[in-house]
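Hi,

Here is the structure I said I would pass on. Have a look at it first, and my notes follow underneath.

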Amino acid sequence: MTARMLRAQCCIAGGGPAGLMLGFLLARAGVKVVVLEKHADFLRDFRGDTIHPSTIDLLDQLGLKERFLELPHDDIETLDIVVSGNRIRPVDFSRLHKGTRFLALMPQWDFLYFISTEAAKHPNFTLLMSTEVTGLLREGERIVGVTATDVDGPLEIRADLTVAADGRSSVVREASGLVAEDFGVGIDVLWFTLPKPQNSPPATLGYIDRHSMVITIPRGDHFQAGLIIPKGGFDEIRQGGLDAFRQRLVDTAAFLEPVVPTIADWDQVKLLSVQVNRLDRWYQPSFLCIGDAAHAMSPAFGVGVNYAIQDAVAAANYLTVPLLGGRVSERELARVQRRRLWPVKRIQPIQLLLHKTIARPGSGVALPTPLPRRTRLLLKIALPIVQRLAARLVGRGFRPERVSRELQRLSAH
């Protein structure tokens with residue numbers, strides 16, 4: 001069968017946060033964009049659901065904040081952890097100096113539908129669902145587009161710039177020959193949903209004791225919950241049986257005891273294989289990787305979605321004018337990498353340190369209950385400092401991005 005052919009100035013593989021945000025920003029400024037998403041919809045559970053203050057500030061700059069906040073979500077101003085029964089508040093977004101001072105918890109599919117709907121208001125934006133990239137098109141050293149398949153058969157999309165935004169298992173990155181360096185994280189996460197018990201405690205990010213860490217992310221009337229396990233340890237846990245698994249959750253987060261029986265089958269428990277990696281080089285001639293395709297993040301701090309979106313903003317800021325001119329040079333692609341590699345190289349070591357010390361199975365973290373007077377005094381002195389630093393680190397991140405004046409000017413026409 002002869003492949004059909006489309007032409008675009010930019011072809012983006014992957015309809016996740018990075019791909020859709022980049023497509024939206026480019027189309028808004030007049031660039032003809034095609035985004036390819038292999039699934040028929042965005043309804044996949046246990047994806048990053050935290051929309052951080054930096055991203056909400058970006059939506060505000062784009063005039064989208066009010067409509068975004070009309071969607072069902074939970075506003076979180078503080079993040080608590082419970083260590084050996086002691087509630088500690090290490091993150092307080094109200095301590096941010098300006099802009100948004102809360103984090104929004106929203107199912108990622110709602111966020112993606114929102115961005116894709118806003119992007120579709122621009123006639124030069126095309127989103128092709130159920131369209132899977134199968135390879136890259138090359139002319140000499142340049143990548144000039146992708147091959148794909150949809151329900152009607154083979155398809156070619158030729159473009160001045162091809163962007164890999166198709167996640168940590170990026171087919172497009174693999175086809176390019178770029179290889180990420182893996183930093184080796186010794187954990188996986190088992191994700192599942194639990195109803196909120198009656199008289200639930202305040203919103204709590206996680207419960208930690210000497211043996212386990214249980215994550216409890218509030219989502220309306222239920223939790224997106226998780227258990228940190230040793231990497232590759234899921235089979236052993238399954239062999240131990242559901243009763244032992246449920247008891248392990250209750251041992252660390254006792255308030256879940258009334259609702260853990262709702263986990264009645266292992267099919268309700270999904271494995272997230274945690275990775276932390278990044279490319280040394282994010283680009284080739286007329287080709288760029290962003291988001292998880294360039295740097296996979298662990299779930300620590302929930303920053304992956306927001307760093308991916310900031311990659312998209314930086315790419316749009318630097319590449320819109322060259323795309324409108326018909327050619328993107330390697331020097332311009334290198335500018336995007338330089339801009340975004342700096343914050344990535346700073347947050348990933350912090351994530352790795354966290355997994356070596358606290359966010360790991362058998363962490364050994366324990367505090368006496370009740371806390372001794374001296375410990376309470378130390379926390380009283382240290383926590384305000386920690387809260388400010390953590391709010392900045394988690395809420396804004398290293399080098400948060402804003403849409404440039406030039407891109408705003410182009411988008412106004």
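**Helix 10 and what sits around it**

The residues of helix 10 that are buried are Leu383, Gln387, Ala390, Ala391, Leu393, Val394, Gly395 and Arg396. Before I go on, keep in mind that this is a predicted model. The cover over those buried residues includes helix 2 (53-61), strand 6 (86-92), helix 8 (304-325) and helix 9 (330-357).

How does the span of helix 10 compare with what 1.5 Å a residue would give? Helix 10 has 24 residues (373-396), so it should span 34 Å, and its end C-alpha atoms are indeed 34 Å apart. There is also a kink of about 40° at Ala382, shortly before the proline Pro384. Just after the helix, Gly397 has a positive phi of about 80°.

**The second largest pocket**

Helix 10 turns up again here. The second largest pocket holds about 270 Å³ of space. It is lined by 13 residues, and those closest to its centre are Asp57, Lys98, Arg392, Arg396 and Pro400. Helix 10 gives the largest share of the lining, 3 residues, and helix 2 and helix 10 each supply at least two. By type, the lining residues split into 8 charged, 3 polar and 2 nonpolar.

Ser54 is a useful residue to click on while you are looking at helix 2, where it lies. Is Ser54 buried or exposed? Its relative accessible area is 9%, under the 20% cut-off, so Ser54 counts as buried. Beyond its neighbours within four places in sequence, Ser54 is in contact with Asn306, Gln310, Gly395, Arg396 and Pro400. Of these, Gly395 and Arg396 are among the buried residues of helix 10, and Arg396 and Pro400 are among the residues closest to the centre of the pocket.

**Helix 4**

Helix 4 also passes the length check: its 12 residues (108-119) should span 16 Å at 1.5 Å a residue, and the end C-alpha atoms are 16 Å apart, which agrees. Helix 4 is mostly covered, with 9 of its 12 residues buried. Those are Gln108, Trp109, Phe111, Leu112, Phe114, Ile115, Ser116, Glu118 and Ala119.

**Helix 7 and the loop between strands 13 and 14**

Helix 7 runs over residues 242-252 and includes Asp243. Asp243 has a relative accessible area of 58%, so it is exposed. The buried residues of this helix are Leu242, Phe245, Arg246, Leu249, Val250 and Thr252. What covers them includes strand 13, strand 14, strand 15 (213-219), strand 16 (222-230) and helix 6 (234-240). Asp243 is 34 residues from Asn277 in sequence, and their C-alpha atoms are 35 Å apart in space.

Strand 13 (187-195) and strand 14 (204-208) are joined by a loop that contains Asn199, and Pro197 lies in that loop too. Which of the two is buried, and which is exposed? Pro197 is buried, at a relative accessible area of 10%, whereas Asn199 is exposed, at 79%. Leaving out neighbours within four places in sequence, Pro197 is in contact with Phe223, Phe255, Leu256 and Val259. Pro197 and Lys121 are 76 residues apart in sequence, with 42 Å between their C-alpha atoms.

**Two positive phi values, and Gln275**

Most residues other than glycine have a negative phi. Asn199 has a positive one, near 60°. Ser84 does as well, with phi near 50°, and its place is in the loop between strand 5 (78-83) and strand 6.

Last, go to Gln275, in the loop between strand 17 (270-273) and strand 18 (277-278). With a relative accessible area of 22%, Gln275 is partly exposed. Setting aside neighbours within four places in sequence, it is in contact with Arg168, Asp182, Val185, Ala296, Met297 and Ser298. One of these contacts, Arg168, is 107 residues from Gln275 in sequence but 8.3 Å from it in space, C-alpha to C-alpha.

Cheers

Conventions. Residues are numbered from 1 along each chain as its sequence is written. This is a predicted model: local features need pLDDT of at least 70, side-chain atom pairs count only at pLDDT 80 or more; totals for chains, interfaces and linings use all residues. Side-chain values use heavy atoms; hydrogens and water are left out. Helices (H or I, at least four residues) and strands (E, at least two) are DSSP runs, numbered from the N terminus. The expected span of a helix is 1.5 Å times one less than its number of residues. The bend at a residue is the angle between axes fitted to the seven residues ending there and the seven starting there. Buried means under 20% relative accessible area, exposed over 50%, partly exposed in between (1.4 Å probe, protein chains only). Contact means heavy atoms within 4.5 Å. On a 1 Å grid over the protein atoms alone, a cavity is a set of points where a 1.4 Å probe fits but cannot get out, and a pocket is an open set with protein on both sides within 12 Å along at least five of seven lines; lining residues have an atom within 4 Å of a point. Grid points are joined across faces, edges and corners, and a volume is the space filled by probe spheres set on the points. Ala, Val, Leu, Ile, Met, Phe, Trp, Tyr, Cys and Pro count as nonpolar, Asp, Glu, Lys and Arg as charged, and the others, Gly among them, as polar.
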